[in-house]
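Good morning, and thank you for making time for this item on the agenda. I would ask you to keep the sequence and the structure in view while I speak.

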Amino acid sequence: MSSPTGPANGLPVRMPRPRPAGRHRRPEPAVAPEGAPALVLAVPGAPSAASRGLAEEIVSIGRSELPGLDARIGFLEGDDAEGSEFPALSRVLTSVAAERVARAEFARAAGHEVPAPTGPDAVVVPLLAGPDADLLRRTRQAVMDSSAAAELAEVLGPHPLLAEGMHVRLSEAGLARADRARLFTVTTAADGIIVATTGGEEAVQAAAVTGMLLAARLAVPVKAAALDQEGSVAAVAEQLRSEGSTQLALAPYLIGPEAAEGLLDTACKEADCAAAEALGAYSALGKLVVTQYSAALGLTQGAAAH
């Protein structure tokens, strides 16, 4: 028998903790708004099990960042066939639009009042660290080829989290200290970094911005170069050596699928330097994908929670 104030036999009562007020109060976790457009991750390059696995990992991180998010994957060079393991971006967008219509019709048939749809059917987030002109043109074309009303979000960089990711990849390869505050030395640490990317001059400029953030982390010179422009990486390597750097490393400003096979190896041989891995499924990429999705919809973290 219990009383209005708790159990009768003197058993302890688990009381809810009071929520801290003011600046120490934890923010409410963001969730995707009801009926929010789907996030469709546009994966460049030739489809493969590796690129699909990478995209799935990034999407999984995105869903954990924004619970309730409807996230899909479409490939720029994917297959239009139904049931393909590498569905084309345009096909995924068309499916998203058809599903939205079907949900509304089902609700009306069940007697529910369904307001007219507002906003896009989907937001397409390019899986690109920088503004690759050709790949963005093809992404826009895929959007136009679909029957969906889709919004194209910005690419993921430049951004401090990408500089962090390149730092992590360099340290994993033994080419940089994991933390400037640590006193031990890394004998293979580079004293000059080439941040290499693909996609034209605008992409190199974006890589240079993130390279400045990487330079601040490592306290070594960092310069950007174009992987897909013959001689660019070698010329930047020569410039770094003329300025006093003796041990160079290449940090790919790439997620991975967007670069043609062999580009990195060729550039490293021409520049006579070691290289870190591409960013790959670095955890911060999932956060950036959600950030660009939210920005395209004009959502803040607080707005997303409602």
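I shall begin with Phe86, which counts as buried at 15% relative accessibility. Before going further, I should state that this is a predicted model.

What is the ring of Phe86 paired with? The partner is Phe75: the two ring centres are 5.4 Å apart and the planes stand at 90°, so the pair is edge-to-face. A search of the whole structure finds 1 aromatic pair, and its members are Phe75 and Phe86. Phe75 belongs to strand β4, residues 71–75, whereas Phe86 sits in the loop between β4 and α2, so the pair ties together parts that are 11 residues apart in sequence. Phe75 is also buried, with a relative accessible area of 2%.

The loop that holds Phe86 also holds Glu77, between β4 and α2. Is Glu77 buried or exposed? The answer lies in between: Glu77 is partly exposed, at a relative accessible area of 38%. Setting aside residues up to four places away in sequence, Glu77 touches Gly45, Ala46, Pro47 and Arg138. With Arg138 there is a polar contact from side chain to side chain, at 3.3 Å. Glu77 and Ala142 are 65 residues apart along the chain, and their C-alpha atoms are separated by 10.0 Å.

Let me now place these details in the overall picture. The protein comprises 9 helices and 10 strands. Of its 306 residues, 44% count as buried. The protein exposes about 16,500 Å², of which carbon and sulfur atoms supply 52%. Taking contacts between residues at least 6 apart in sequence, 75% join residues at least 24 apart.

Helix α4, residues 160–172, offers an example of contacts across the sequence, through Arg169. Although an arginine, Arg169 is buried, with a relative accessible area of 14%. Which residues does Arg169 contact, leaving aside its neighbours within four places in sequence? They are Ala276, Glu277, Ala278, Leu279, Ala281 and Tyr282.

Gly174 lies in the loop between α4 and β7. Gly174 counts as buried, at 19% relative accessibility; the cut-off for that class is under 20%. The C-alpha atoms of Gly174 and Ala275 are separated by 9.9 Å, and the two residues are 101 apart along the chain.

On the other side of α4 in the chain is the loop between β6 and α4, where Pro158 is found. The peptide bond joining Gly157 and Pro158 is cis, with omega of about 5°. For context, most residues other than glycine have a negative phi, and most peptide bonds are trans.

Two residues have a positive phi without being glycine. Ala219 has a phi of about 60°, and its place is in the loop between α5 and β8. Ala219 is exposed, with a relative accessible area of 52%. Asp272 has a phi of about 55° and lies in the loop between α7 and β10. Asp272 is likewise exposed, at 61%.

Helix α5, residues 201–218, also contains Arg217. Arg217 is partly exposed, with a relative accessible area of 32%. Arg217 and Ala178 are 39 residues apart in sequence and 9.9 Å apart in space, taken from C-alpha to C-alpha.

I turn finally to a pair of helices. Two packed helices are described by the angle between their axes and the distance between the axes. How do α6 and α7 pack? Helix α6, residues 232–242, and helix α7, residues 263–271, pack at an angle of about 35°, with their axes 8 Å apart. The crossing of α6 past α7 is right-handed. On the α6 side, the contact is made by Val233, Ala234, Ala237 and Arg241. On the α7 side, Ala267, Glu270 and Ala271 make the contact. Asp272, with its positive phi, follows in the loop between α7 and β10.

To close, I would draw your attention again to three places in this predicted model. One is the edge-to-face pair of Phe75 and Phe86. Another is the polar contact between the side chains of Glu77 and Arg138. The third is the cis peptide bond between Gly157 and Pro158. Thank you for your attention.

Key. Residues are numbered from 1 along each chain as its sequence is written. This is a predicted model: local features need pLDDT of at least 70, side-chain atom pairs count only at pLDDT 80 or more; totals for chains, interfaces and linings use all residues. Side-chain values use heavy atoms; hydrogens and water are left out. Rings of Phe, Tyr and Trp (its six-membered ring) pair if their centres lie within 6.5 Å; planes under 30 degrees apart count as stacked, over 60 as edge-to-face and the rest as tilted. Helices (H or I, at least four residues) and strands (E, at least two) are DSSP runs, numbered from the N terminus. Buried means under 20% relative accessible area, exposed over 50%, partly exposed in between (1.4 Å probe, protein chains only). Contact means heavy atoms within 4.5 Å. A polar contact is a pair of N or O atoms within 3.5 Å; within protein, one must be able to donate a hydrogen and the other to accept it, and residues adjacent in sequence count only if both atoms are side-chain atoms. Accessible areas come from the Shrake-Rupley method with a 1.4 Å probe; for residues, only the protein chains shown count as cover. Axes are lines fitted to C-alpha atoms, for helices over the stretch in contact, and angles run from 0 to 180 degrees between N-to-C directions. A crossing is left-handed if the near helix is turned anticlockwise from the far one by less than a right angle, and right-handed if clockwise.
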